[in-house]
Amino acid sequence: MSDRRSDTLVRDLTLYVLVRFALVAVIAGILVIFQVPLLVALIIGLVVGLPLGLLLFRSLNARVTAGLAARNEHRARERARLRAELRGEPFPEDPVTREDTETREDTETGEDAPQPPEKPEPEATPESTDERPGPGERPEGR
């Protein structure tokens with residue numbers, strides 16, 4: 001994820017939170033003008049203002065949601081890459097990037113795109129030769 005996307009996510013999220021709290025403050029302020037006690041006005045402002053903010057600021061909510069989804073997708077990809085690296089397995093490159101590259105190569109050269117390598121079958125592991133007793137078994141020789 002680029003720094004630019006991250007900056008817009010931070011900006012959009014901050015703006016969204018501020019706008020929703022401002023809406024709560026406006027509703028509470030209007031109620032205080034009509035002689036409603038401050039605490040009651042704040043509670044009513046929260047109960048009415050937060051759901052109303054979802055409706056009034058739908059486009060800003062959609063931008064924040066899309067930014068968070070992209071950030072979570074990037075983090076999941078990085079986590080999977082790190083786990084594969086820790087297991088000693090090669091991590092395949094991003095499928096979207098690979099498809100774009102193959103498509104460009106096809107149109108430029110007119111040749112068929114190379115097929116991705118097949119995953120090797122996992123080798124069968126030999127049965128454990130461990131001599132330790134299992135749960136509920138008595139150790140030999142004792």
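User: A salt bridge is a side-chain nitrogen of Lys or Arg within 4 Å of a carboxyl oxygen of Asp or Glu. With that in mind, which residues are linked in a network of salt bridges here?

Analyst: Please keep in mind that this is a predicted model, and that in it R11, D12 and R63 are linked in such a network. Within this group, R11 forms a salt bridge with D12, and their closest N and O atoms lie 3.1 Å apart.

User: Is D12 buried or exposed?

Analyst: D12 counts as buried, because its relative accessibility is 6% and the cut-off for buried is under 20%.

User: How many salt bridges are there?

Analyst: The count comes to six salt bridges, and two of them can be described together with helix α3, to which we can turn after a look at the overall fold.

User: OK, overall fold then: how many helices and strands does the protein have?

Analyst: The protein has four helices and zero strands, so that, read from the N terminus, its elements follow the order α-α-α-α.

User: And how much of the protein counts as buried?

Analyst: Of its 142 residues, 13% count as buried.

User: Back to α3, then. What span should its residues have, and why?

Analyst: Helix α3 covers residues 58-87, which makes 30 residues, and at 1.5 Å a residue they should span 44 Å. The expected span is 1.5 Å times one less than the number of residues, because that is how it is defined. The C-alpha atoms at the two ends of α3 are 43 Å apart, which agrees with the expectation.

User: Which residues of α3 are buried?

Analyst: The buried residues of this helix are L60, N61, V64, G67 and A84. One of them, G67, can also be paired with a residue from another helix: T8 and G67 are 59 residues apart in sequence, yet their C-alpha atoms are 8.1 Å apart in space. T8 itself lies in helix α1, and T8 counts as partly exposed because its relative accessibility is 30%.

User: Now those salt bridges in α3. What does E73 pair with?

Analyst: E73 forms a salt bridge with R77, with 3.1 Å between the closest N and O atoms. The two residues are four residues apart in helix α3, so they are separated by about one helical turn. R77 counts as partly exposed, because its relative accessibility is 33%.

User: And which residue does R81 bridge to?

Analyst: R81 forms its salt bridge with E78, and here the closest N and O atoms are 3.2 Å apart. Both R81 and E78 lie in helix α3, three residues apart, which is about one turn of the helix. R81 is partly exposed because its relative accessibility is 31%, and E78 is partly exposed because its value is 34%.

User: Which residues form a positive surface patch?

Analyst: That patch is formed by R71, R75, R79 and R83. Of these, R71 lies in helix α3, and R71 is partly exposed because its relative accessible area is 32%.

User: What happens just after α3?

Analyst: Just after that helix comes G88, which takes a positive phi of about 85°. A little further along, F91 lies in the loop between α3 and α4, the latter being residues 95-109. F91 is partly exposed because its relative accessible area is 37%, and its C-alpha atom is separated by 8.1 Å from that of A80, a residue 11 positions away along the chain.

User: Which residue other than glycine has a positive phi near 65°?

Analyst: That residue is Q35, whose place is in the loop between α1 (3-33) and α2 (38-56). Q35 counts as exposed because its relative accessibility is 71%, and the cut-off for exposed is over 50%.

User: Last one: where is L46 found, and how far is it from L23?

Analyst: L46 is found in helix α2, where it counts as partly exposed because its relative accessibility is 39%. L46 and L23 are 23 residues apart along the chain, and their C-alpha atoms are separated by 8.9 Å.

Methods: Residues are numbered from 1 along each chain as its sequence is written. This is a predicted model: local features need pLDDT of at least 70, side-chain atom pairs count only at pLDDT 80 or more; totals for chains, interfaces and linings use all residues. Side-chain values use heavy atoms; hydrogens and water are left out. Buried means under 20% relative accessible area, exposed over 50%, partly exposed in between (1.4 Å probe, protein chains only). Patches are made of residues with over 30% relative accessible area and no salt bridge: like charges are joined within 9 Å, nonpolar side chains (Val, Leu, Ile, Met, Phe, Trp, Tyr) within 5 Å. Accessible areas come from the Shrake-Rupley method with a 1.4 Å probe; for residues, only the protein chains shown count as cover. Lys and Arg count as positive and Asp and Glu as negative; His and the chain ends are not counted. The place of a charge is taken as NZ of Lys, CZ of Arg, CG of Asp or CD of Glu.
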